[in-house]
Amino acid sequence: MITRKLSRSAIALVISLVASSAFASDDDPLFHSSNPLAPRDEWGRLHQMSNVDATDYFPRSGSRLYYYFKSRHELLRDPAYVASLQTVLRNRGYYCGPIDGIMSDLVSEAIARVQKNHVQRVTGTLTVPVRRALNLP
């Protein structure tokens with residue numbers, strides 16, 4: 001009887017801890033952002049200013065729609081997109097060069113490595129399957 005009550009209370013405690021940790025992980029904007037277009041520093045952390053505004057942590061998923069309907073050539077001419085591509089490639093271990101927004105041979109080689117690892121035709125050019133594999137628009 002006593003062990004049954006203790007086991008029920010232990011189960012209730014575990015369920016409440018799991019539920020509270022699930023809610024806490026969704027609220028943290030600094031470390032749980034999956035948007036690769038969000039501003040980040042050279043170490044991959046989200047960009048922070050000395051003065052924090054409420055708009056610094058607004059979701060920037062609206063900017064993704066801007067890139068969805070552009071061709072590969074238009075995307076690679078945009079330095080902001082190439083810089084986010086370089087950042088994602090660096091975070092996943094494919095790219096070791098500078099993040100400068102310039103489409104270079106190092107970026108093409110990193111894209112070729114992504115294509116090889118995801119069993120795609122290796123061309124070294126930015127394609128839709130590469131963008132999907134890197135979670136980029």
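**Entry 1: Leu-65 and its surroundings**

I looked up Leu-65 and found that it counts as exposed, because its relative accessibility is 52% and the cut-off for exposed is over 50%. I noted that the model is a predicted one. I placed Leu-65 in helix α2, which covers residues 62-68. I then asked which residues form a nonpolar patch on the surface with Leu-65. They are Tyr-68 and Phe-69, and the three together have about 390 Å² of accessible area.

**Entry 2: The chain as a whole**

I recorded 6 helices and 0 strands in the protein chain. Read along the sequence, the pattern is α-α-α-α-α-α. I noted a length of 137 residues, of which 26% count as buried. The accessible surface comes to about 9600 Å², and carbon and sulfur atoms hold 60% of that surface. I also looked at contacts with a separation of 6 or more: 39% of them join residues 24 or more positions apart.

**Entry 3: Helix α5**

I checked whether the length of helix α5 agrees with its residue count. The helix runs over residues 105-117 and has 13 residues; at 1.5 Å a residue it should span 18 Å, and its end C-alpha atoms are 18 Å apart, so the two values agree. I listed its buried residues as Val-107, Ala-110, Ile-111, Ala-112, Val-114 and Gln-115. As background I wrote down that an α-helix has 3.6 residues a turn, so residues three or four places apart point the same way. Against which helices do the buried residues of α5 pack? I found α4 (79-91) and α6 (128-133).

**Entry 4: Leu-126**

I located Leu-126 in the loop between α5 and α6. Is Leu-126 buried or exposed? Leu-126 is buried, because its relative accessible area is 2% and buried means under 20%. I compared its position with that of Ile-111: the two are 15 residues apart in sequence, and their C-alpha atoms are 6.9 Å apart in space. Leaving aside residues up to four places away in sequence, I found that Leu-126 touches Arg-72, Leu-76, Tyr-81, Leu-85, Ile-111 and Arg-131. Ile-111 is thus on two of my lists, as a buried residue of α5 and as a contact of Leu-126.

**Entry 5: Arg-131**

I followed the contact from Leu-126 to Arg-131, which lies in helix α6. Arg-131 is buried yet has no salt bridge. How far away is the nearest side chain of opposite charge? That side chain belongs to Glu-74 and is 8.7 Å from Arg-131, whereas a salt bridge requires a nitrogen and a carboxyl oxygen within 4 Å. Not counting residues up to four places away in sequence, Arg-131 touches Tyr-67, Tyr-68, Lys-70, Leu-75, Tyr-81, Leu-126, Leu-136 and Pro-137. I noted that Tyr-68, one of these contacts, also belongs to the nonpolar patch with Leu-65. Tyr-81 is listed both among the contacts of Arg-131 and among those of Leu-126.

**Entry 6: Positive phi values**

I looked up phi for Val-119, which follows α5, and found a positive value near 55° in a residue other than glycine. Val-119 is in the loop between α5 and α6 and counts as exposed, because its relative accessibility is 75%. I also recorded Asn-135, which has a positive phi of about 60° although it is not a glycine. Asn-135 is in the segment after α6. I classed Asn-135 as partly exposed, because its relative accessibility is 37%.

Key:
Residues are numbered from 1 along each chain as its sequence is written. This is a predicted model: local features need pLDDT of at least 70, side-chain atom pairs count only at pLDDT 80 or more; totals for chains, interfaces and linings use all residues. Side-chain values use heavy atoms; hydrogens and water are left out. Helices (H or I, at least four residues) and strands (E, at least two) are DSSP runs, numbered from the N terminus. Buried means under 20% relative accessible area, exposed over 50%, partly exposed in between (1.4 Å probe, protein chains only). Contact means heavy atoms within 4.5 Å. Accessible areas come from the Shrake-Rupley method with a 1.4 Å probe; for residues, only the protein chains shown count as cover. The expected span of a helix is 1.5 Å times one less than its number of residues. Patches are made of residues with over 30% relative accessible area and no salt bridge: like charges are joined within 9 Å, nonpolar side chains (Val, Leu, Ile, Met, Phe, Trp, Tyr) within 5 Å. Lys and Arg count as positive and Asp and Glu as negative; His and the chain ends are not counted.
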